[in-house]
Amino acid sequence: MSKLEIKNLHVSVNTDQGPKQILRGVDLTISSGETHAVMGPNGSGKSTLAYSVAGHPKYEITDGEILLDGANVLEMSVDERARAGLFLAMQYPVEVPGVSVSNFLRTAKTAISGEAPALREWVGDLKTAMKNLRMDSDFTERNVNEGFSGGEKKRHEILQLELLKPRIAILDETDSGLDVDALKIVSEGVNRAKANTDLGVLLITHYTRILRYIQPDFVHVFVAGKVAEQGGPELAERLEAEGYDRYLKASA
Amino acid sequence: MAQHGIKEHSHGAGVPIQTRNERPRSTSIEDFAEVSKLQEIWRYLPIDKLKGLTQSVIGELTEDSVEIKLAEGVTANWVETTKAKVGSAGLPEDRIAAIAWTNASKTLVIDVPKELEQSQPSFVVIKPNSDAATAAHILINVGTHAKTTIVLDHTGLGVLGENVEIVLGDESTLNFVTIQDWDKGSTHVSTQFAKLGRNSNLRHTVVSLGGDLVRVTPAVELSSPGAEINMYGVYLADSSNYFEHRPYVDHIAENCKSNVAYKGALQGVGAHTVWVGDVLIRETAVGTDSYELNRNLLLTAGARADSVPNLEIETGKIEGAGHASASGRFDDEQLFYLQARGLNETEAKKLVVRGFLSEIIQKIEIDEIEQRLIGAIELELEKVGV
């Protein structure tokens, strides 16, 4: 059983015009097995929340705390956070030229578990995970994210999620740029990870479409760097019908 | 476009040499001006690190400081330079090469007999174990239709002025690798010449890993039709290294191909690499296909990579001619992505550097050299964490 607690989180980012406050007091708690959808209009700070939890150096935490099972996440380096069980599925994963997917995945698995995985078992796990995500076996010979289509990039992120077996995963707009078939495949992957490892999920999205395939337990609406409203899955349905206008008017 | 040979003595009036072809060629030291940063060919070089190599009289590499391990059928003999066919592949274009030429009374002649196909590599390991300036001359003859691999490996401590000549017979193939893996305190100026026979194929790879000053200038003459040269380079420089590589391809005959690709990674304050790639396509070189590339990855602040591609084309009747040069910093987003997958900074850099250099490393096709290079990358990047 794991618990990620985000308390009163204030985050700013440095811009050419000086520091800009993006998150203004976010409170969220995600436990194992739970799925939390964070929804909101562009610029509301959803991605900033994702990157702040993962530890991207661009974001400065000005107040508040992040705890994973009571341990202070803000004191950990990026790789320490990953090894502690946090995972961020990136919206724009970067290319790593000359590094094959196969080499990358094995290196990451070794780093996360502290020892190289047993070869036979690893090859089997990789094969199964790739088959489940409808990825060709020659995919592992390609260089990480080089020349990947949008759909391939997202499937590769979810492949890592399934293989690295984190405790809490943040999915940053994993649904963006996917056609409905790819969306279904990716969602199945997330649901498998939930079923197999009791994963806690923080699912960041602009649209309600993905929530038809990944059932949220809680929905949080982000506006201007804060949670403006939260509720159960019914809140997503209401957003589907009404959009974000109601919140934007209120905050204006 | 860089100018060549500014104020070079043979153009006494100070007229800059406008084409690579106009550089003087001679084995006489007196035909060249003293080494000076005012000349383009020395402009980047830390001249104080040349040690004794600029003196007119220097010692000579002894036979017992060269270990030779040859594949069956390949022969090596020390021959008096006056009796060896030196100059077959080219003549010095600078003073240090002329000094080395003049001071090497013996030449190590390596012969690959015609029609010999030998997949086992031959190794020539040079270990002077001295910081006295010495001269060396090596001549490699590859016979018609022969095919093999030769590795020239420089290790230990040394201050070496070296001329290497490679002559490829018609239809022959050579995979040649020169490794500069010197200890601290070493200086190495290696002038290499290659002359390719009709339809012959040379793969020339430069691997520079260690040495206070390493300068390798491989010049290739494509004077017979249908010849193909691939020039590769891979280097790993830290604060203690200055590496300079100046590949030159001279397209003279018709339908020849050249491809030059050098990649290097640098780290640490004062790490400095220089790459000047010259390609000359003469009026006679109809049907030439040519490309040159240099890429540098700067892992830390304070490292410097100079990269200058020069392309001179005197005919329009060619298949292609291109060049690319780029030097970039280690990407913060790449680092973040890999760290977010559990790799610490050192592991992430190792992975990225290996990936960056892999394109060239794979071209060497000699397993033990590839492994040694990968080991060197591991070792070098352990230092970064400090």
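These notebook entries record what I looked up in a predicted model with chains A and B.

**Entry 1. The four-stranded sheet of chain A**

I began with the strands at the start of chain A. Strand β1 (residues 3-15) and strand β2 (residues 18-31) of chain A pair in the antiparallel sense, and I noted 11 bridges between them. A hairpin of two residues connects β1(A) to β2(A). Two pairs served as my reference points along this ladder. A:Thr15 has A:Gly18 as its bridge partner in β2(A), and A:Val13 lies opposite A:Lys20 in β2(A).

I then looked up the other partner of β1(A). Strand β4 (residues 59-68) of chain A runs antiparallel to β1(A), and eight bridges join the two. Here A:Val11 stands opposite A:Ile61 of β4(A).

Taken as a whole, the sheet is open and has four strands in the order β2-β1-β4-β5 (chain A), with antiparallel pairing. I asked which strands of chain A stand at the edges. They are β2 and β5 (71-72) of chain A; each has a single partner strand, so one side of each is left without a neighbour in the sheet.

**Entry 2. The six-stranded sheet of chain A**

A second open sheet in chain A consists of six strands, ordered β6-β9-β10-β3-β11-β12, and its pairing is mixed. I recorded β6 (86-89) and β12 (226-231) of chain A as the edge strands, since each pairs on one side only. On average, neighbouring strands of this sheet are turned by 20° against each other, direction ignored.

I also checked what packs on this sheet. Helix α7 (residues 233-242) of chain A does, and it touches β3 (35-39), β11 (218-223) and β12 of chain A. The direction of α7(A) makes about 45° with that of β11(A).

At the β6 edge, I looked up the pairing in detail. β6(A) and strand β9 (residues 168-172) of chain A run parallel and are joined by four bridges. Within this pair, A:Leu88 has A:Ile170 as its bridge partner in β9(A).

**Entry 3. Helices α5 and α6 of chain A**

How do helix α5 (residues 150-164) and helix α6 (residues 180-197) of chain A lie, and at what angle do they cross? Their axes come within 9 Å and cross at roughly 10°. I therefore entered α5(A) and α6(A) as roughly parallel to each other; the cut-off for that term is an angle under 35 degrees.

On the α5(A) side, the contact includes A:Gly151, A:Ile158 and A:Leu161, as well as the charged-end names A:Lys154, A:Arg155 and A:Glu162. On the α6(A) side, I listed A:Ala182, A:Ile185, A:Val186, A:Gly189, A:Val190, A:Arg192 and A:Ala193. By class, the contact between the two helices has seven nonpolar, two polar and four charged residues.

**Entry 4. A:Glu157**

I next asked whether A:Glu157, a residue of helix α5 of chain A, is buried or exposed. A:Glu157 has 22 C-beta neighbours inside 10 Å and therefore counts as buried, the threshold being 20 or more. Beyond its neighbours within four places in sequence, A:Glu157 is in contact with A:Ala89, A:Met90, A:Pro93 and A:Thr174. I also noted the separation from A:Ser102: 55 residues in sequence and 13 Å in space, C-alpha to C-alpha.

**Entry 5. The nonpolar core and B:Ile140**

The largest nonpolar core contains 178 residues. Those that touch the most other members are A:Ala54, A:Phe87, A:Ala89, A:Ala169, A:Ile170, B:Ile166 and B:Val220. Helix α3 (residues 345-364) of chain B gives the largest share of this core, with nine residues.

I followed B:Ile166 further. Apart from residues up to four places away in sequence, B:Ile166 touches B:Ala89, B:Ile140, B:Leu174, B:Phe176, B:Phe193, B:Ala194 and B:Leu202.

B:Ile140 belongs to strand β6 (residues 133-142) of chain B. It counts as buried because 25 C-beta neighbours lie inside 10 Å. With the same sequence exclusion, B:Ile140 touches B:Ile110, B:Ile150, B:Glu165, B:Ile166 and B:Val167.

**Entry 6. Where chain A meets chain B**

Last, I looked up the contact between the chains. In this contact, 19 residues of chain A meet 17 residues of chain B. On the chain A side, α2 (78-84), β7 (96-100) and α3 (101-113) each give two or more residues. The chain A residues divide into 13 nonpolar, four polar and two charged.

Technical notes: Residues numbered from 1 in each chain as written. Chains lettered and ligands numbered in written order. Predicted model: local features only at pLDDT ≥ 70, side-chain atom pairs only at ≥ 80, totals over all residues. Core = buried A, V, L, I, M, F, W, Y, C linked by C-beta atoms within 7 Å. Buried ≥ 20, exposed ≤ 12 C-beta atoms within 10 Å, placed from the backbone. Contact = placed C-beta atoms within 7 Å. Nonpolar A, V, L, I, M, F, W, Y, C, P; charged D, E, K, R; others polar. Pairing = 2+ DSSP bridges. Axes fitted to C-alpha atoms, helices over the stretch in contact; angles between N-to-C directions. Parallel < 35°, antiparallel > 145°, perpendicular 65-115°, else oblique.
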